[in-house]
Amino acid sequence: MKKHLIAAIIGSTLMLPVAANAADYVIDTQGAHASIQFSVNHLGYSFVVGRFNEFSGDFSFDANKLADAKLNVKINTNSVDSNHAERDKHLRSEDFLNTSKFSQATFTSTSIVDKGNNQFVINGDFTLNGVTKPLTIDAVAIGEGKDPWGGYRAGFSGTTTFAMKDFDVKMDLGPASANVELALVVEGIKQ
């Protein structure tokens with residue numbers, strides 16, 4: 001009798017649907033396969049373009065259940081690099097990033113909306129200069145698969161724009177320079 005009961009329990013558990021679990025990835029910043037770049041219109045005449053050299057993050061991803069994906073990114077704001085030492089010093093000051101007080105910016109996803117055709121929208125909370133606001137990233141899945149070293153990778157790109165004043169940036173360079181555009185490239189290594 002006990003053998004039949006155990007067999008029935010095991011048999012019934014095998015018939016339960018198996019939930020597909022999202023895979024966990026770490027963003028490959030050590031291999032320089034990820035980047036966070038920014039662009040700001042300079043007074044309506046040109047653009048200041050730069051990047052953050054130090055950041056880290058992770059994400060969970062299953063192509064079949066995109067709505068369950070998650071993304072977390074931490075940016076060392078002291079690593080701002082616009083290829084001009086004096087400007088970078090000014091960007092780190094209280095006029096802009098205030099890195100002596102807020103040396104880290106973060107993004108944590110709250111939802112992901114599948115738009116089809118490998119396109120999706122990542123909604124989340126962005127913290128910069130001590131201020132947290134909702135931010136939306138328009139993203140594209142670039143691809144996923146095995147790498148030459150026996151691992152598995154997935155890659156994405158995305159863009160977003162935000163107003164500096166929304167994050168208490170003090171410097172006002174006029175309406176042409178009010179917004180920052182971020183361009184992100186993320187390649188993750190499956191854990």
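Okay, one definition before anything else: when I say cavity, I mean a set of grid points where a 1.4 Å probe fits but cannot get out, and a residue lines it if it has an atom within 4 Å of one of those points. Keep that in mind, and keep in mind too that what you see above is a predicted model.

So, the cavity. The structure holds 1 cavity of 30 Å³ or more, and about 350 Å³ of space lies in the largest cavity. Who sits around that space? There are 29 lining residues, and the closest to the centre are Leu71, Val73, Ile122, Ile137 and Val186. If you ask which strands supply at least two residues each to that lining, you get E2, E4, E5, E7, E8, E9, E10 and E11.

Let me step back and give you the overall layout. The chain has 2 helices and 11 strands. Starting at the N terminus, you meet a helix, then six strands, then the other helix, then five more strands. Of the 191 residues in the chain, 37% are buried. And take the contacts between residues at least 6 apart in sequence: 55% of those join residues at least 24 apart. As for the outside, the accessible surface comes to about 11700 Å², with 54% of that belonging to carbon and sulfur atoms.

Now let's zoom in on one of those strands, E4. Strand E4 covers residues 55-61, and Phe59 is in it. Is E4 mostly covered or mostly open? Mostly covered: 5 of its 7 residues are buried. Phe59 itself counts as buried because its relative accessibility is 6%, and the cut-off for buried is under 20%.

What does E4 pair with? On one side of the story there's strand E1, residues 23-27, which runs antiparallel to E4 and is joined to it by 4 bridges. One pair to look for there is Ala23, whose bridge partner in E4 is Phe61. Then there's strand E5, residues 70-76, also antiparallel to E4, with 6 bridges between them. In that pairing, Phe59 stands opposite Leu71 of E5. And you've heard of Leu71 already: Leu71 was among the residues closest to the centre of the cavity.

So which residues does Phe59 touch, if we leave aside neighbours within four places in sequence? The list is Ala23, Asp24, Tyr25, Ile27, Lys70, Leu71, Ala154, Phe156, Val186 and Gly188. Val186 is another one from that group close to the cavity centre. There's also a long-range distance you can check on screen: the C-alpha atoms of Phe59 and Ser109 are 9.4 Å apart, with the two positions 50 residues apart along the chain.

Next, the loops. Most residues other than glycine have a negative phi. Here are two that go the other way. Asn118, in the loop between strand E7 (104-116) and strand E8 (119-128), has a positive phi of about 65 degrees. Asn129, in the loop between E8 and strand E9 (131-146), has a phi near 55 degrees. Now, buried or exposed? For Asn118 the answer is exposed, because its relative accessibility is 52%. Asn129 is buried, because its value is 8%.

One more loop, the one between E9 and strand E10 (152-163), where you'll find Asp147. Asp147 is buried, since its relative accessible area is 13%. What does its side chain reach? A polar atom of the Asp147 side chain lies 3.0 Å from the backbone nitrogen of Trp149, and the side chain also reaches the backbone nitrogen of Gly151 at 2.7 Å. Beyond its neighbours within four places in sequence, Asp147 is in contact with Tyr152 and Arg153.

Last stop, the open space. The largest pocket has a volume of about 440 Å³. It has 23 lining residues, and the closest to its centre are Phe38, Val40, Leu91, Phe96 and Met164. The elements giving two or more residues to that lining are strand E2 (35-42), strand E3 (46-52), helix H2 (85-92), E8 and strand E11 (179-190). And which element gives the most? That's E2, with 4 residues. E2 also turned up in the lining of the cavity, where it supplies at least two residues.

Definitions and conventions:
Residues numbered from 1 in each chain as written. Predicted model: local features only at pLDDT ≥ 70, side-chain atom pairs only at ≥ 80, totals over all residues. Heavy atoms only, no water. Buried < 20%, exposed > 50% of the residue type's maximum accessible area, 1.4 Å probe, protein only. Contact = heavy atoms within 4.5 Å. Areas by Shrake-Rupley, 256 points an atom, 1.4 Å probe, with all protein chains shown as cover. Pairing = 2+ DSSP bridges. Polar contact = N/O pair within 3.5 Å; in protein donor to acceptor, adjacent residues only side chain to side chain. 1 Å grid on protein atoms, 1.4 Å probe; cavity = no way out; pocket = protein on both sides within 12 Å on 5 of 7 lines; lining within 4 Å. Points joined across faces, edges and corners; volume = space filled by probe spheres on them.
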